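Here is a friendly walk through one structure, with the backbone and packing details grouped by topic. Have the model open beside you as you read.

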Amino acid sequence: MQVMTSMTSMQRVLTTLGHQEPDRVPLFLLLTMHGAKELGLSIEDYFESATNVVEGQRRLRAKYEDDCFYNFFYAGLEIEAWGGETIFREDGPPNSGKPIISHPDEILKLEPPKVQDSPSLLKVLEVTRQLKMFAGDEVPIIGVAISPFSLPVMQMGFESYLDLMYLRPDLFERLLQINQAFSVEWANAQLASGATAICYFDPIASPSMIPKDLYFKHCFEFTRQTLLKIQGPTATHLASGRSMSILDHIAQTGTAVVGVSAEESLADLKEIARGKVTLLGNLNGVEMRRWTPEQAKHNVKEAIAQAGSGGGFILSDNHGEIPWQVPDDVLLTISETVRQYGKYPLQLDPGDGG
């Protein structure tokens, strides 16, 4: 059946989420820091102003013609709401500073911060509102919330969090509940401000990070209950972590999209996901820094050939944030290749990256 010759980005994405073939494969270039380059600002100065980020997102989409706006600043921004600090770099993503929980017993007195009391979070909501005014219903706006299960890595450090999980189940459960209250409020505030969907970052849920038995014991049902409280569609992203062995179960949590790793076969992932959940990925952002345009074209064609058939696929990077060092010519090649080879009906066969 002949598809429409041209769709808006929203129509394109909704069609592929319905496991049907739109006019072409949707492209999400999840660019954050690159907006600073477009405005000639340092990364720290860029994120100081909602106006900067809105203008950066508008310029980036005009330049690369991808299919979303991305309101994400940096992961540590959520920790700022809890009283933490952010350490900025000149050539990479800002990182969280000293953990806000130095001893497990502090969890007993911990309370979730309110979104309206955090200047950093309010700045993101302002970006979201302005992007919505500009985009209307033609371009999806992707918001971000760190999952309650993964947020403790920034709150107390990875090793301390694992110790808590094994040695202090009472405090572990309390921390999850506190974090759930915050994460749900934060996600819903973004949706109310105009976000189309929430990217639910949950890297600790990946089998790359914890054994599967811990996922099923602590994360699967908890995630399902958390997503039920979020008043809009979600995309679960494991931030380059593997997902194949739990992909069926992630689909059962109610999420619409799963961000998948470059370390696993897209073709194999698509066989599991087909008709159940849309795949987002899986271009390797770290390697992308050193790609030539020819390599970018090859890898885009290969990804489309492996996962594009039947819809249910959005081309993106595998981590949820494209590194600062990825050059413009590579990003432009990715965009051009999608527009040339991502048209439906696809003319590429699986394994065709030539």
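What follows is a short lead and then bullet points on the sheet, the helices, two buried loop residues and the unusual backbone geometry.

Please keep in mind that this is a predicted model. A good place to begin is its open sheet of 7 strands, which has the order 1-4-5-6-7-8-9 with parallel pairing. From there, the contact of helix 4 with helix 6 is worth a visit, with 6 nonpolar, 2 polar and 3 charged residues. Two cis peptide bonds deserve a look as well: one joins glycine 281 and asparagine 282, and another runs from tyrosine 344 to proline 345.

**The sheet**

- The strands run in the order 1-4-5-6-7-8-9, and their pairing is parallel. At the edges are strand 1 (69-70) and strand 9 (313-317), each of which pairs on one side only.
- Strands of a sheet pair through backbone hydrogen bonds, in either a parallel or an antiparallel way.
- Strand 4 (residues 141-146) is joined to strand 5 (residues 197-201) by 5 bridges in the parallel sense. To find your way in this pair, start at isoleucine 142, whose bridge partner in strand 5 is alanine 197.
- Helix 9 (residues 169-193) packs on the sheet and touches both strand 4 and strand 5. The direction of helix 9 makes about 170° with that of strand 4.
- Strand 7 and strand 8 also pair in the parallel sense, here over 3 bridges. Glycine 259 is the residue that stands opposite leucine 280 in strand 8.
- How many residues of strand 8 are buried? The count is 6 of its 6 residues, so strand 8 is mostly covered.

**Helices and their packing**

- Helix 4 (residues 50-64) and helix 6 (residues 119-135) have axes that come within 9 Å and cross at roughly 40°. That angle makes helix 4 oblique to helix 6.
- The crossing of helix 4 and helix 6 is right-handed.
- On the helix 4 side of this contact you will find Ala50, Val53, Val54, Gln57 and Arg58. They meet Lys123, Glu126, Val127, Gln130, Leu131 and Phe134 of helix 6. By type, the residues of this contact divide into 6 nonpolar, 2 polar and 3 charged.
- An α-helix has 3.6 residues a turn, so residues three or four places apart point the same way.
- In helix 1 (residues 9-17), the buried residues are Ser9, Met10, Arg12, Val13, Thr15 and Thr16. Their cover includes helix 4, strand 8 and strand 9.

**Two buried loop residues**

- Isoleucine 246 sits in the loop between strand 6 (234-237) and helix 11. Isoleucine 246 has a relative accessible area of 0% and is therefore buried.
- Which residues does isoleucine 246 contact, leaving aside its neighbours within four places in sequence? They are Ala205, Pro207, Lys212, Tyr215 and Phe216. With proline 207, the C-alpha separation is 7.8 Å, although the two residues are 39 residues apart along the chain.
- Threonine 253 belongs to the loop between helix 11 (247-251) and strand 7 (257-259). Its relative accessibility is 4%, so threonine 253 counts as buried.
- Not counting residues up to four places away in sequence, threonine 253 touches Tyr215, Phe220, Thr223, Arg224 and Leu227.

**Backbone geometry to check**

- Most residues other than glycine have a negative phi, and most peptide bonds are trans.
- The cis bond between glycine 281 and asparagine 282 has an omega of about -15°. Asparagine 282 is part of strand 8 (residues 278-283).
- For the cis bond from tyrosine 344 to proline 345, omega is near -5°. Proline 345 is in the segment after helix 15 (328-341).
- Glutamate 65 is not a glycine, yet its phi is positive, at about 55°. Glutamate 65 lies in the loop between helix 4 and strand 1, and its 43% relative accessibility makes it partly exposed.
- Alanine 239 likewise has a positive phi, near 55°. Alanine 239 lies in the loop between strand 6 and helix 11, and at 15% relative accessible area alanine 239 is buried.
- Just after helix 1, histidine 19 takes a positive phi of about 60°.

Definitions and conventions:
Residues numbered from 1 in each chain as written. Predicted model: local features only at pLDDT ≥ 70, side-chain atom pairs only at ≥ 80, totals over all residues. Heavy atoms only, no water. Axes fitted to C-alpha atoms, helices over the stretch in contact; angles between N-to-C directions. Helix = DSSP H or I, 4+ residues; strand = E, 2+ residues; numbered from the N terminus. Parallel < 35°, antiparallel > 145°, perpendicular 65-115°, else oblique. Left-handed = near helix turned anticlockwise from the far one by under 90°. Contact = heavy atoms within 4.5 Å. Nonpolar A, V, L, I, M, F, W, Y, C, P; charged D, E, K, R; others polar. Buried < 20%, exposed > 50% of the residue type's maximum accessible area, 1.4 Å probe, protein only. Pairing = 2+ DSSP bridges.
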